[in-house]
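Trainee: I would like to take a close look at a single part of this protein. Could you walk me through it slowly?

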Amino acid sequence: MRSRSDAPPPPPEASPAPDPVDVRLAARLAELRAEQGWSLGELADRSGVSRSTLSRAERAETSPTASVLNRLCHVYGRTMSRLLGEIETEPALLVRAAEQTRWEDRRIGYVRRSVSPPHPGLRGELVECRLVAGADVAYDRPSVPGLEQHLWVLDGTLDLTAADVEHRLTAGDCLRWRVWGPVRFRCPGPDDVRYVLAVVLP
């Protein structure tokens with residue numbers, strides 16, 4: 001009889017398959033860098049994102065955080081929604097709820113749903129966002145300088161800092177501004193916050 005110590009080790013657990021959205025995003029990020037003719041090192045210098053993080057993101061080994069994605073959007077001159085819209089195969093005029101792209105930064109509890117994704121010939125888009133209580137998202141630069149944004153809180157409380165001014169928004173409040181510098185979104189709790197962001201290209 002084989003002793004317990006002689007038993008073969010259990011097979012290693014298979015790694016979960018990467019999210020299909022992350023795979024398409026990784027391919028698009030690699031394409032954008034190739035279109036510019038930049039090495040990973042050059043992109044790292046331009047974006048302030050480490051070479052290893054960029055490499056892993058382009059291979060779909062990790063999903064980039066909202067902050068990293070914002071820096072890459074700034075370098076490539078795109079809004080985050082426009083970049084996410086580019087990984088969809090056939091953008092449609094009518095976007096059913098089940099077809100709207102949902103992207104999540106699991107590390108901080110941030111969910112972003114592209115309700116009205118970018119479309120050729122249209123300057124605006126609608127995004128629904130959710131931050132869990134305690135979540136803090138900071139962007140050190142706008143993806144597109146001068147971007148017009150209108151934020152409407154649906155549920156919860158949001159602390160938003162723009163142009164060095166902090167605003168506390170609660171359900172029903174709307175804040176509108178043009179983005180020229182750093183912006184910070186924070187959910188003070190105790191409940192999650194859900195809001196709609198209307199984005200208009202300058």
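Trainee: Which residue follows α1, and what is the sign of its phi?

Mentor: Happy to help! A word on the model first. It is predicted, so local features need pLDDT of at least 70 and side-chain atom pairs count only at pLDDT 80 or more, while totals for chains, interfaces and linings use all residues. Residues are numbered from 1 along each chain as its sequence is written, and side-chain values use heavy atoms, with hydrogens and water left out.

Now to your question: α1 is followed by Gly37, and the phi of Gly37 is positive, near 75 degrees.

Let us look at the helix itself. The protein has 5 helices and 10 strands; these are DSSP runs numbered from the N terminus, with helices being H or I of at least four residues and strands being E of at least two. Helix α1 covers residues 20-36, which is 17 residues. At 1.5 Å a residue they should span 24 Å, and the end C-alpha atoms are 25 Å apart, which agrees. The expected span here is 1.5 Å times one less than the number of residues.

Next, which side faces inward? In α1, the buried residues are Val21, Asp22, Leu25, Ala26, Arg28, Leu29, Leu32 and Arg33. They cover an arc of only 170 degrees around the axis, so they lie on the same side of α1. That arc is taken from the directions from the helix axis to the C-beta atoms. Buried means under 20% relative accessible area, exposed means over 50%, and partly exposed lies in between, using a 1.4 Å probe and protein chains only. A general rule helps here: an α-helix has 3.6 residues a turn, so residues three or four places apart point the same way. On the other side of α1, Pro20, Ala34 and Glu35 are exposed.

What covers the buried side? The cover includes α2 (40-47), α3 (51-58), α4 (66-76), α5 (80-86) and β1 (102-105). Contact means heavy atoms within 4.5 Å.

One of these, helix α4, holds Cys73. Cys73 counts as buried because its relative accessibility is 1%. Cys73 and Leu29 are 44 residues apart in sequence, yet 9.7 Å apart in space, C-alpha to C-alpha. Leaving out residues up to four places away in sequence, Cys73 touches Arg78, Thr79, Met80, Leu83 and Ser143.

Finally, back to the whole protein: buried residues make up 41% of its 202 residues. Among contacts with a separation of 6 or more, 66% come from residues 24 or more positions apart.
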